[in-house]
Amino acid sequence: MISEKMAAAFNKQIKDEMYSSNLYLSMVAYFEEIGLKGFANWMRVQVQEETAHAMGLFDYLLSRDGRVIVDAIDKPAYEWSSALDCFEAVYKHEQLVTSLINNLIDVAEQEKDRAAVSFLQWYLKEQVEEEANCSEICAKLRLIGDDKHALLLIDSELATRTFVAPTIA
Ligand code: OFO
């Protein structure tokens with residue numbers, strides 16, 4: 001059985017992952033609105049990934065006989081000035097999520113919950129990958145500046161992203 005403190009920390013992270021999912025859903029709407037369907041597709045996959053992350057924590061908490069409490073999610077931002085502005089917000093958000101996962105591992109260590117520490121390693125690795133992916137897209141967008149043709153090439157590239165359900169743990 002998981003400790004109450006640990007269960008509360010897991011519940012908070014479930015909420016934060018669902019916030020990430022909603023933030024990216026808001027970005028889907030933004031990219032659809034400005035006609036960048038490939039960027040919108042990339043964000044649609046991101047929505048699915050974040051929901052899968054939340055469900056991974058949800059199922060893990062249940063497997064440890066912890067009580068899952070679904071919390072309210074704050075309203076995400078919905079306006080950005082450009083694709084770069086939006087992706088810089090993604091990169092910043094992913095860095096925040098990395099710090100949240102680190103905090104969650106700190107709680108697991110304080111609680112001497114080695115099983116949870118081990119489980120959460122997957123999330124740490126995932127954050128390294130996510131930060132690298134958005135940093136790369138930000139770098140490309142900075143490089144192309146105002147070149148609309150190049151922007152459409154990146155849009156075509158991002159249109160090919162597909163969701164692969166992660167195997168968490
Ligand atoms: Fe859940 O990984 Fe990004 O936020």
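User: Happy to dig in! Where is Ser82 found?

Analyst: Good place to start, and do keep in mind that this is a predicted model. Ser82 lies outside the helices named α2 and α3, in the stretch that joins them. So the element asked for is the loop between α2 and α3.

User: Is Ser82 buried, partly exposed or exposed?

Analyst: Its relative accessibility is 29%. Buried needs a value under 20% and exposed a value over 50%. Ser82 falls in between, so the class is partly exposed.

User: What separates the C-alpha atoms of Ser82 and His93 in space?

Analyst: Along the chain, Ser82 and His93 are 11 residues apart. In space, their C-alpha atoms are separated by 17 Å.

User: Val70 caught my eye too. Where is it, and is it buried or exposed?

Analyst: Val70 sits in the loop between α2 and α3. Its relative accessibility is 68%. Because the cut-off for exposed is over 50%, Val70 counts as exposed.

User: What is the C-alpha separation of Val70 and Lys15?

Analyst: Lys15 and Val70 are 55 residues apart along the chain. The C-alpha atoms of the two are nevertheless separated by 7.1 Å.

User: Which residue in the loop between α2 and α3 has a positive phi of about 60° although it is not a glycine?

Analyst: The residue belongs to the loop between α2 and α3. With 53% relative accessibility, it counts as exposed. The residue with this phi of about 60° is Asp65.

User: And which residue has a positive phi of about 55° although it is not a glycine?

Analyst: This one lies in the loop between α3 and α4. Its relative accessible area is 63%, so it is exposed. The residue is Lys112.

User: Let's turn to the interior. How many residues does the largest nonpolar core have?

Analyst: Among its members, those with the most contacts inside it are Met27, Phe31, Phe39, Met43, Phe87 and Leu141. The helices α1 (4-33), α2 (37-63), α3 (83-110), α4 (114-144) and α5 (148-158) each supply at least two of its residues. The count for this core is 26 residues.

User: Which helix gives the largest share of this core?

Analyst: The largest share of the core amounts to six residues. The helix that provides them is α1.

User: Which residues does Met27 contact, leaving aside its neighbours within four places in sequence?

Analyst: Met27 is one of the residues with the most contacts inside the largest core. Another residue of that group, Met43, is also in contact with Met27. With sequence neighbours left aside, the contacts are Met43, Trp80, Cys86, Ala89 and Val90.

User: How many residues does the second, separate core have?

Analyst: Its members include Leu57, Tyr60, Val68 and Leu120. The size of this second core is 23 residues.

User: Is Ser21 buried or exposed, and what does it touch?

Analyst: Ser21 is found in helix α1. Its relative accessible area is 4%, which is under the 20% cut-off, so Ser21 is buried. Not counting residues up to four places away in sequence, Ser21 touches Val47, Glu50 and Thr51.

User: Now the helix packing. Are α2 and α3 roughly parallel or antiparallel?

Analyst: Their axes are 13 Å apart and the packing angle is about 15°. Angles under 35 degrees count as roughly parallel. The two helices, which pass in a left-handed crossing, are therefore roughly parallel.

User: Which residues of α3 meet α2?

Analyst: On the α2 side, the contact is made by Phe39, Trp42, Met43, Gln46 and Glu50. The residues of this contact divide into seven nonpolar, one polar and two charged. The α3 partners are Ala83, Cys86, Phe87, Val90 and Glu94.

User: How are α2 and α4 oriented, roughly parallel or antiparallel?

Analyst: α2 and α4 pack at an angle of about 170°, with axes 12 Å apart. Angles over 145 degrees count as roughly antiparallel. That makes α2 and α4 roughly antiparallel.

User: Last one: what is the handedness of the crossing between α4 and α5?

Analyst: The axes of α4 and α5 come within 9 Å and cross at roughly 160°, so the helices are roughly antiparallel. Ile137, Lys140, Leu141 and Ile144 of α4 meet Ala150, Leu151, Ile154, Glu157 and Leu158 of α5. The residues of this contact divide into seven nonpolar, no polar and two charged. The crossing is right-handed.

Conventions:
Residues are numbered from 1 along each chain as its sequence is written. This is a predicted model: local features need pLDDT of at least 70, side-chain atom pairs count only at pLDDT 80 or more; totals for chains, interfaces and linings use all residues. Side-chain values use heavy atoms; hydrogens and water are left out. A nonpolar core is a set of buried Ala, Val, Leu, Ile, Met, Phe, Trp, Tyr and Cys residues joined through side-chain atoms within 4.5 Å. Buried means under 20% relative accessible area, exposed over 50%, partly exposed in between (1.4 Å probe, protein chains only). Helices (H or I, at least four residues) and strands (E, at least two) are DSSP runs, numbered from the N terminus. Contact means heavy atoms within 4.5 Å. Axes are lines fitted to C-alpha atoms, for helices over the stretch in contact, and angles run from 0 to 180 degrees between N-to-C directions. Angles under 35 degrees count as roughly parallel, over 145 as roughly antiparallel, 65 to 115 as roughly perpendicular and the rest as oblique. A crossing is left-handed if the near helix is turned anticlockwise from the far one by less than a right angle, and right-handed if clockwise. Ala, Val, Leu, Ile, Met, Phe, Trp, Tyr, Cys and Pro count as nonpolar, Asp, Glu, Lys and Arg as charged, and the others, Gly among them, as polar.
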